[in-house]
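Subject: Structure handover

Hello,

Here is the structure for you to look through. My notes on it follow below.

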Amino acid sequence: MKNLTLTVFVIFFSFITLSQTFVFDVKEIISYKAKGDLSYNETKQNSYWETPLEPIDCKYEINIDKKTSTFYHNGVKINTLNIIEINKNGDVYVIKIKDYNVFNPSDIIITTYTINVKEMSFYMSWFVPNTNVTRAQFHTKIKSYIK
């Protein structure tokens with residue numbers, strides 16, 4: 001009986017510890033644009049357009065188990081999208097989702113989140129294939145946690 005109880009506890013505990021939802025409350029951003037399908041760093045380095053520091057009220061909830069990303073703006077849920085790819089290398093997750101441009105729904109947008117779990121940093125970039133432009137955001141005022 002002890003072995004059964006221990007086994008159930010270990011399985012349950014393993015399930016709970018593997019469950020991860022990253023939450024990022026973003027209050028300020030700087031945005032960049034560059035030509036090509038680029039990473040966040042490449043977009044920043046090759047940027048032909050940069051915004052000054054902008055206030056924003058956004059929240060991102062990225063659920064690794066459910067493979068979903070939920071976006072909130074000014075406290076209102078805007079959408080929940082499916083994650084199409086998750087890559088983990090040490091403390092860094094690179095997560096991709098497919099979205100559509102709200103201004104032109106025929107534009108497919110591939111969004112990439114780069115999350116460093118150790119630093120709890122969050123960078124994002126998105127590529128619009130029909131314009132061959134990547135836009136990236138650097139989040140300066142951010143509250144992040146794992147729930």
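**Charges over rings**

Lys59 lies over the face of Tyr72, and the distance to the ring centre is 4.9 Å. Please keep in mind that this is a predicted model. Lys44 also sits over a ring face, that of Phe138, at 5.2 Å from the ring centre.

**Overall layout**

The protein has nine strands and two helices. Read from the N terminus, the order of elements is α-β-α-β-β-β-β-β-β-β-β. The protein has 147 residues, and buried residues make up 38% of them. Now take the contacts with a separation of 6 or more. Residues 24 or more positions apart account for 48% of these.

**Aromatic rings**

How many aromatic pairs does a search of the whole structure find? It finds eight. One of them joins Tyr60 and Phe71. Their centres are 5.1 Å apart, with 45 degrees between the planes, and the pair is tilted. This pair links distant parts of the chain. Tyr60 belongs to strand 3 (residues 54-63) and Phe71 to strand 4 (residues 68-73), and the two are 11 residues apart.

Is Tyr60 buried or exposed? Tyr60 has a relative accessible area of 6%. The cut-off for buried is under 20%, so Tyr60 counts as buried.

Tyr60 also pairs with Tyr113. Here the ring centres are 5.9 Å apart. The planes stand at 70 degrees, so this pair is edge-to-face. It too links distant parts of the chain: Tyr60 is in strand 3, Tyr113 is in strand 7 (residues 108-116), and 53 residues separate them. Tyr113 is buried, as is Tyr60.

Which residues do ring pairs link into a cluster with Tyr60? They are Phe24, Phe71, Tyr113 and Phe122.

**The largest pocket**

The largest pocket holds about 780 Å³ of space. It is lined by 27 residues. Closest to its centre are Asp99, Val102, Ile109, Met124 and Trp126.

Several strands give two or more residues to this lining. They are strand 3, strand 4, strand 5 (76-89), strand 6 (92-100), strand 7, strand 8 (121-128) and strand 9 (133-146). Strand 3 and strand 4 are also where Tyr60 and Phe71 sit. Which strand gives the most to the lining of the largest pocket? Strand 9 does, with four residues.

By class, the lining of the largest pocket has 16 nonpolar residues, eight polar and three charged.

**The second largest pocket**

The second largest pocket has a volume of about 290 Å³. Its lining is made of 16 residues. Leu38, Ser39, Tyr40, Thr112 and Ser125 are the closest to its centre.

A helix takes part here: helix 2 (40-45) gives two or more residues to the lining of the second largest pocket. Strand 6, strand 7 and strand 8 do so as well. These three strands also give two or more residues each to the lining of the largest pocket. Strand 8 gives the most to the lining of the second largest pocket, with five residues.

What classes of residue make up the lining of the second largest pocket? Eight are nonpolar, six are polar and two are charged.

**Where to look**

For the rings, start at Tyr60, which pairs with Phe71 and with Tyr113. For the pockets, start at strand 9 in the largest and at strand 8 in the second largest.

Best wishes

Terms used:
Residues numbered from 1 in each chain as written. Predicted model: local features only at pLDDT ≥ 70, side-chain atom pairs only at ≥ 80, totals over all residues. Heavy atoms only, no water. Phe/Tyr/Trp six-rings, centres within 6.5 Å; stacked < 30°, edge-to-face > 60°. Buried < 20%, exposed > 50% of the residue type's maximum accessible area, 1.4 Å probe, protein only. Lys NZ or Arg CZ within 6 Å of the ring centre and 35° of its normal. 1 Å grid on protein atoms, 1.4 Å probe; cavity = no way out; pocket = protein on both sides within 12 Å on 5 of 7 lines; lining within 4 Å. Points joined across faces, edges and corners; volume = space filled by probe spheres on them. Nonpolar A, V, L, I, M, F, W, Y, C, P; charged D, E, K, R; others polar. Contact = heavy atoms within 4.5 Å.
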